[in-house]
Amino acid sequence: MNASEQTILGTAHVVIAGEMTIYTARDWRDRLLIAMEAPGDVVLDLSGVSDIDAAGIQLLASLALEAKGAERVLRFAAVSPRILEAFEFCRLMDFFKDALAGAR
C-alpha cells in the first residue's frame, strides 16, 4: 500500500496505489478521512490501483456521498482500468460520473 497526500490551494490531492480491498480498506479510509477534513475539494489519483473489491468500492462511494453532503467536490484525477472495470460491472458509472469527469 502506498499513498501520498498534499494540499494545494485548498484542494487535498491523494495518490492511491496498490490494492483497495477488504484487507486495505481500513487504512485507506483513515487516510481519506484526513483528506476530507482539510478544507476545499478532494482529488484522488487512482491510476495506481491494482485491484479493488466491494470494500474499496464502498469506501469510494461513501467518500462521494460525504463530499456531496458537505457541498464539496470529489474528483478522480486519473483511474486505473481495474477501477473502471469494477464501476462498470457494478453499474456505478452514473453514480461516479461527476468524480470521473476529466479523469485520464
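This passage describes the confidence, helices, loop residues and salt bridges of the structure shown above.

The structure is a predicted model, in which local features need pLDDT of at least 70 and side-chain atom pairs count only at pLDDT 80 or more, while totals for chains, interfaces and linings use all residues. Residues are numbered from 1 along each chain as its sequence is written, and side-chain values use heavy atoms, with hydrogens and water left out.

Confidence comes first. The mean pLDDT (the predictor's confidence in each residue, from 0 to 100) of the protein chain is 89, and 90% of its residues reach 70 or more. Among the elements (helices, H or I, of at least four residues and strands, E, of at least two, taken as DSSP runs and numbered from the N terminus), H3 has the highest mean pLDDT, 96, and strand E1 (residues 2-8) the lowest, 45. Over residues 1-7 the pLDDT is below 50, although this stretch has 25 contacts (heavy atoms within 4.5 Å) in the model beyond near neighbours in sequence. Where pLDDT is low, the predicted coordinates should not be read in detail.

Helix H1 covers residues 25-37, and its end C-alpha atoms are 18 Å apart, in agreement with the 18 Å that its 13 residues should span at 1.5 Å a residue; the expected span is 1.5 Å times one less than the number of residues. Ala 25, Trp 28, Leu 32, Ala 35 and Met 36 of H1 are buried (under 20% relative accessible area, against over 50% for exposed and in between for partly exposed, with a 1.4 Å probe and protein chains only). These buried residues lie on the same side of H1, because they cover an arc of only 95 degrees around the axis, taken from the directions from the helix axis to the C-beta atoms. The face turned away from this buried side carries the exposed residues Arg 26, Ile 34 and Glu 37.

Helix H2 (residues 54-69) also agrees with its expected span: 22 Å for 16 residues, with end C-alpha atoms 22 Å apart. Its buried residues are Gly 56, Ile 57, Leu 59, Leu 60, Ala 61, Leu 63, Ala 64 and Ala 67. They pack against strands E2 (11-20), E3 (41-52) and E4, as well as H1 and H3. At the start of H2, a side-chain oxygen of Asp 53 reaches to within 3.0 Å of the backbone nitrogen of Ala 55. After H2 comes Glu 71, with a positive phi near 55 degrees.

Two loop residues offer a contrast in setting. Ser 80, in the loop between strand E4 (74-79) and helix H3 (81-89), is buried at 2% relative accessible area. Leaving aside residues up to four places away in sequence, Ser 80 touches Leu 46, Ser 47 and Val 49. Asp 94, in the loop between H3 and helix H4 (97-100), is exposed at 63%.

The count comes to 3 salt bridges, each a side-chain nitrogen of Lys or Arg within 4 Å of a carboxyl oxygen of Asp or Glu. Arg 29 pairs with Asp 30 at 3.0 Å, N to O. Asp 51 meets Arg 82 at 3.2 Å, linking distant parts of the chain, strand E3 and helix H3, 31 residues apart. Glu 85 and Arg 82 form a salt bridge at 2.9 Å. Asp 51, Arg 82 and Glu 85 are thus joined into one network by salt bridges that share partners.

Methods:
A polar contact is a pair of N or O atoms within 3.5 Å; within protein, one must be able to donate a hydrogen and the other to accept it, and residues adjacent in sequence count only if both atoms are side-chain atoms.
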